[in-house]
Amino acid sequence: MDDVERDFNAEIGRRVRAARARAKLTQELLARKAGLTRGSITNIESGMQAPPPYRLVRLASALGVKPADLLPGLQETSQVNGLPDYLADAVASVASEAFERRVRDGQV
């Protein structure tokens, strides 16, 4: 894992942890609500594991936030870790589209 990926994953982890704290959920309860293991939540929050888009959507739904809220924004990624804007935009777009599709289909 290179520095850019490590920094990006760490920022996602910070956002998940902060959203979980705001929702007053334990890692165990978030894991159950999102259909993941507590170990996965721990790994995501520590930046050791990046959630694929479908898991990001599950986490966002369980936390009551939009998937894009869990992803660093374009400005942040450029300033924090040098992630190319096109990549950050693509990830945010895919996650948001997946979330909106789930809302339309009544899954959220």
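Leu30, Lys33 and Ala34 of helix α2 touch Arg58, Leu59, Ala62 and Leu63 of helix α4, where contact means heavy atoms within 4.5 Å. Sorted by kind, the residues of this contact between α2 and α4 are five nonpolar, no polar and two charged. In that sorting, Ala, Val, Leu, Ile, Met, Phe, Trp, Tyr, Cys and Pro are nonpolar, Asp, Glu, Lys and Arg are charged, and the others, Gly among them, are polar. A word on the model before going on: it is predicted, local features need pLDDT of at least 70, side-chain atom pairs count only at pLDDT 80 or more, and totals for chains, interfaces and linings use all residues. Residues are numbered from 1 along each chain as its sequence is written, and side-chain values use heavy atoms, with hydrogens and water left out.

Now to the geometry of that first contact. Two packed helices are described by the angle between their axes and the distance between the axes. Helix α2 spans residues 27–34 and helix α4 residues 53–63; their axes come within 8 Å and cross at roughly 115°. Here axes are lines fitted to C-alpha atoms, for helices over the stretch in contact, and angles run from 0 to 180 degrees between N-to-C directions. The crossing of α2 past α4 is right-handed, a label given when the near helix is turned clockwise from the far one by less than a right angle, with anticlockwise giving left-handed.

Stepping back, the protein chain holds six helices and zero strands, so you can follow it from the N terminus as α-α-α-α-α-α. Helices (H or I, at least four residues) and strands (E, at least two) are DSSP runs, numbered from the N terminus. Of the 108 residues in the chain, 37% count as buried; buried means under 20% relative accessible area, exposed over 50%, and partly exposed in between, with a 1.4 Å probe and protein chains only. Among contacts between residues at least 6 apart in sequence, 59% join residues at least 24 apart.

Another helix pair worth rotating into view is α1 with α3. Their axes lie 6 Å apart and pack at an angle of about 120°. That angle makes α1 oblique to α3; under 35 degrees counts as roughly parallel, over 145 as roughly antiparallel, 65 to 115 as roughly perpendicular and the rest as oblique. On the α1 side, Asn9, Gly13, Arg14, Val16, Arg17 and Arg20 take part, meeting Ile44, Glu45 and Ser46 of α3. The residues of this contact divide into two nonpolar, three polar and four charged.

Which residue forms a salt bridge with Arg20? The partner is Glu45, with a distance of 2.5 Å from N to O. Since Arg20 lies in helix α1 and Glu45 in helix α3 (residues 38–46), the pair ties together parts that are 25 residues apart in sequence. Both Arg20 and Glu45 are buried. A salt bridge here is a side-chain nitrogen of Lys or Arg within 4 Å of a carboxyl oxygen of Asp or Glu, and by this rule the count comes to four.

Helix α1 has a salt bridge of its own, between the side chains of Glu11 and Arg15 at 3.0 Å, N to O. These two residues are four apart in α1 (residues 3–22), about one turn of the helix. An α-helix has 3.6 residues a turn, so residues three or four places apart point the same way. Glu11 counts as buried because its relative accessibility is 16%, and Arg15 counts as buried at 16% as well. Glu11, Arg14 and Arg15 are linked in a network of salt bridges.

Helix α2 offers another example: Glu28 and Arg32 form a salt bridge, their closest N and O atoms 3.7 Å apart. Because they are four residues apart in α2, about one helical turn separates them. Glu28 is partly exposed at 37% relative accessible area, while Arg32 is exposed at 58%.

Finally, the loops and the end of α4. Lys24 sits in the loop between α1 and α2; its phi is near 55°, a positive value in a residue other than glycine, and at 74% relative accessibility Lys24 counts as exposed. The buried residues of α4 are Leu56, Val57, Leu59, Ala60, Ala62 and Leu63. After α4 comes Gly64, with a positive phi near 75°. Lys66 belongs to the loop between α4 and α5 (74–80), and counts as exposed at 52% relative accessibility. From C-alpha to C-alpha, Lys66 and Leu56 are 9.4 Å apart in space, with their positions ten residues apart in sequence numbering.
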